[in-house]
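Here is a short report on a protein fold. Look at the sequence and the coordinates before reading on.

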Amino acid sequence: MACLPAAASATDHKVLLRDIADVEGVRDNQLVGYGLVVGLHLTGDTQQTFFTVQTLANAMKRMGVQISPAQVVVKNVAAVFITASLPAFARNGMKLDITVSSAGDAKSLEGGVLLMTSLRGPDGQVYAEAQGPLTLGGYTEGSLGNVKTVNHPTTGRIPGGAIVEREAQVDLSQFHTVSFVLRNPDFTATKDMADVINKEFHNPIATQLDDRAVQIDVKGSGTSSVPLLIAQVQALSINFHSPAKVVINERTGTIVMGGNVTLSPVSVLHGSLSIQVETTFEVSQPLPGSRTGTTTPLANSTVAVKDLPAQSIRLDNGANVDDLIRGLHAIGATSRDIVAILQAIKASGGLQADLEVI
């Protein structure tokens, strides 16, 4: 009696191997650097951040200007760390995106320009040089305690802000075997990968190692080169079940949820406390003709506290992402509220998906 193949579920779909698996050993490398952002509008580090003062004095010295750190004012300068990923097979002159983060007590990096900074790998070698104007996803407005801050104005990005100066060498000609590693572990997927590869090359060259890796014998494939073998394998496709995942960016409040994310029955009780401090300034002047008294500015501060009553939503069994978002919008939840609520739902076991915070 012949057995019928199991029907694919609604969440299964055909995917190319290049979209779900990486070649083992072919990976990015992390780079990091320390530098200065200049051109800020009085939002840089304070004099108490001594390493910014010292770094600026050292930078001026390298440019032939001798100054004492005691004479340096850094209101328009901020010390920063720069991070980037160096892709495999990166070539000299290739441009990389970089992330710039304040290392001191700067209020904002808005309008700043990163001075040329060396980016080093784990081995201490310089692999890229970074420089350029920053783009931010947040801002800060106001002064004297009346300040409004949106997202994180102390972290920014420079698209194409670094240039590769040293190549990351990977010699594929020395590979006797090539392993494809799934980005999301799945025993069924690695078995299907091995089957489709063996069928394509008419030879059992692929072996399922575990729920993540499939190893291929290069010599048994009969291909003339490793890059050609990888290209042929990456063009193959299998049925793949997409994992349910929710991705959260806490810095910008961005939340991305897949359509296959489901929730168990859950009730959400959400309340919020807001405190608003407002300062107004008045001027006290002596009476006309008076020979005594002085003109003095006076600050009057008022504090308003609002403790809003808690609001609730209830999700029944089988609720999906649309139901959750619609309910959260109905109770006036902001993006940051939703981040906290999702983490609480995940902790309670009500969210049937992986929660990834980036």
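The sections below cover the nonpolar cores, one helix, one loop residue and the strand pairing.

## Model

The structure is a predicted model.

## Nonpolar cores

The largest nonpolar core has 26 residues. Phe180 and Ile197 have the most contacts inside this core. At least two core residues come from each of strand 2, strand 12, helix 2, strand 14, helix 4 and strand 15 (237-241). Helix 2 gives the most, with five residues. Another core lies apart from this one. That second core has 24 residues, including Leu40, Leu109, Leu119 and Ala128. In soluble globular proteins, nonpolar side chains tend to be buried together.

Which residues does Phe180 contact, leaving aside neighbours within four places in sequence? Ala21, Asp22 and Val23 are among them. So are Met193, Arg212, Ala213, Val214 and Ile216. Ile230, Val233 and Gln234 complete the list.

## Helix 4

Helix 4 spans residues 226-234. Its buried residues are Val226, Leu229, Ile230 and Val233. These residues lie on the same side of helix 4, because they cover an arc of only 100 degrees around the axis.

What do the buried residues of helix 4 pack against? Three strands take part: strand 2 (21-23), strand 12 (177-182) and strand 14 (213-217). Helix 2 (187-201) and helix 3 (218-221) are also packing partners. Two of the buried residues, Ile230 and Val233, are in contact with Phe180.

The N-terminal end of helix 4 is capped by Ser225. A side-chain oxygen of Ser225 lies 3.3 Å from the backbone nitrogen of Leu228.

## Asn184 in its loop

Asn184 sits in the loop between strand 12 and helix 2. Is Asn184 buried or exposed? Its relative accessible area is 27%, so Asn184 counts as partly exposed. The buried class needs a value under 20%, and the exposed class a value over 50%.

Setting aside residues up to four places away in sequence, Asn184 touches Arg212, Pro243 and Lys245. Arg212 is also a contact of Phe180. The C-alpha atoms of Asn184 and Ile20 are separated by 7.6 Å. Along the chain, Asn184 and Ile20 are 164 residues apart.

## Two open sheets

One open sheet has three strands in the order 17-16-23, and its pairing is mixed. Strand 17 (254-257) and strand 23 (354-357) are the edge strands, each pairing on one side only. Direction ignored, neighbouring strands of this sheet are turned by 15 degrees against each other on average. Strand 16 (residues 245-249) pairs with strand 17 in the antiparallel sense, over four bridges. Asn249 has Thr254 of strand 17 as its bridge partner.

A further open sheet of three strands has the order 21-18-22, with antiparallel pairing. The edges are strand 21 (319-320) and strand 22 (351-352). Strand 18 (residues 262-263) joins strand 22 through two bridges, in the antiparallel sense. Leu263 has its bridge partner, Leu351, in strand 22.

## Strands 4, 5 and 11

Strand 5 pairs with strand 4 and with strand 11. Four bridges link strand 4 (residues 77-86) to strand 5 (residues 95-102), in the antiparallel sense. Thr83 stands opposite Thr99 of strand 5.

Strand 5 and strand 11 (residues 155-164) also run antiparallel, joined by six bridges. Here Lys95 has Ile163 of strand 11 as its bridge partner.

Definitions and conventions: Residues numbered from 1 in each chain as written. Predicted model: local features only at pLDDT ≥ 70, side-chain atom pairs only at ≥ 80, totals over all residues. Heavy atoms only, no water. Buried < 20%, exposed > 50% of the residue type's maximum accessible area, 1.4 Å probe, protein only. Arc of directions from axis to C-beta. Contact = heavy atoms within 4.5 Å. Polar contact = N/O pair within 3.5 Å; in protein donor to acceptor, adjacent residues only side chain to side chain. Pairing = 2+ DSSP bridges. Axes fitted to C-alpha atoms, helices over the stretch in contact; angles between N-to-C directions. Core = buried A, V, L, I, M, F, W, Y, C linked by side-chain atoms within 4.5 Å.
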